[in-house]
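Open your viewer and keep the selection box handy. We will go from one stop to the next, choosing residues and looking at what surrounds them.

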Amino acid sequence: MTTSEILIYGFVLVGIVGAIMAMIKAPKELWFSLPKYENKGVDYAPEYSKKERIMIMLKILAWAIPFITIFEFWFVDWFSEYSRNANCYNYGSLNGVHLVFYGIFVFVPLSFAIILLLTQGRRSFKVIRIEQNPLPNEKVFSPTKYKYGKAATIQPIVVLLLIMCLFGLSVWGGFQAHEITKDIKPCTVNKSLNQIGAINAPTG
């Protein structure tokens with residue numbers, strides 16, 4: 001798998017992570033219908049209504065469809081072409097190779113870490129603090145019984161550990177990107193253009 005493919009798949013995952021997180025708890029048959037089960041009482045968290053489920057899906061689709069469309073029909077081709085000649089682009093002291101490898105090894109895991117932190121970080125800390133999961137009055141997609149005590153903190157602890165691992169991975173990736181970009185090959189495209197210009201230059 002090439003570096004461009006790694007980054008491409010990483011951005012695709014970023015684009016659909018919101019949809020996965022919203023739907024992960026709900027079986028397919030329950031996405032747009034109210035669940036039916038017996039003995040529902042105070043031990044179960046409140047659930048989203050059918051209307052609320054539809055609104056959540058529409059909100060997800062409102063940003064997911066444009067994102068995936070732009071990514072699929074523009075970014076993939078652009079990044080593939082850019083990566084092939086990245087060493088020909090200079091931005092002050094930075095080269096295009098820096099952007100490619102730091103983007104893959106630092107930006108991608110850091111993006112996942114930030115997304116998880118913004119969407120699940122505060123909730124995870126709160127669950128750990130009060131030792132109740134789901135949180136009081138927090139709505140869910142499928143029948144979910146409340147967990148209390150240490151059992152309630154397992155899920156948020158896993159989420160926080162994952163966030164820490166992603167941040168650590170981005171730091172490690174920074175060192176790897178630094179090693180890879182220490183020696184950047186000369187731009188063969190510019191070199192070829194210069195040679196052509198020299199050949200066609202008038203002689204006096």
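Before the first stop, one definition: a nonpolar surface patch is built from Val, Leu, Ile, Met, Phe, Trp or Tyr residues that have over 30% relative accessible area and no salt bridge, with side chains joined within 5 Å. Keep in mind, too, that this is a predicted model.

**Stop 1: the whole chain**

Colour the protein chain by secondary structure. You should find 5 helices and 4 strands, and reading along the sequence gives the pattern α-α-β-β-α-β-β-α-α. Now switch on the surface: the protein chain exposes about 13600 Å², and carbon and sulfur atoms supply 66% of that area. Of the 204 residues, 32% are buried. Contacts also reach along the chain: among those between residues at least 6 apart in sequence, 68% join residues at least 24 apart.

**Stop 2: a patch on the outside**

Select Ile54, Met55, Leu58, Leu61 and Ile65, which make a nonpolar surface patch of about 420 Å². Then pick Ile54 by itself; this residue is found in helix H2. Is Ile54 buried, partly exposed or exposed? Its relative accessible area is 33%, so Ile54 counts as partly exposed, a class that lies between the 20% and 50% cut-offs.

**Stop 3: the largest core**

Turn from the surface to the interior. In soluble globular proteins, nonpolar side chains tend to be buried together. To see the largest nonpolar core here, select its 11 residues: Phe71, Phe75, Val76, Phe79, Tyr82, Ala86, Val97, Val100, Phe101, Ile104 and Ala177. Helix H2 (50-84) and helix H3 (96-130) are the elements that each give two or more residues to this core. H2 gives the most, with 5 residues.

Zoom in on Val97 next. Which residues does Val97 touch, not counting those up to four places away in sequence? Show Ala86, Asn87, Thr181 and Ile184 to see them.

Apart from this core lies another, of 8 residues. Val108, Phe112, Ala113 and Leu116 are among them, so select these four to find the place.

**Stop 4: a buried threonine**

Finish at Thr153, which is found in helix H4 (residues 150-180). Thr153 has a relative accessible area of 7% and is therefore buried, the cut-off being under 20%. Display Val127, Ile128 and Glu131 around Thr153: these are its contacts once neighbours within four places in sequence are left aside.

Technical notes:
Residues are numbered from 1 along each chain as its sequence is written. This is a predicted model: local features need pLDDT of at least 70, side-chain atom pairs count only at pLDDT 80 or more; totals for chains, interfaces and linings use all residues. Side-chain values use heavy atoms; hydrogens and water are left out. A nonpolar core is a set of buried Ala, Val, Leu, Ile, Met, Phe, Trp, Tyr and Cys residues joined through side-chain atoms within 4.5 Å. Buried means under 20% relative accessible area, exposed over 50%, partly exposed in between (1.4 Å probe, protein chains only). Contact means heavy atoms within 4.5 Å. Patches are made of residues with over 30% relative accessible area and no salt bridge: like charges are joined within 9 Å, nonpolar side chains (Val, Leu, Ile, Met, Phe, Trp, Tyr) within 5 Å. Accessible areas come from the Shrake-Rupley method with a 1.4 Å probe; for residues, only the protein chains shown count as cover. A salt bridge is a side-chain nitrogen of Lys or Arg within 4 Å of a carboxyl oxygen of Asp or Glu.
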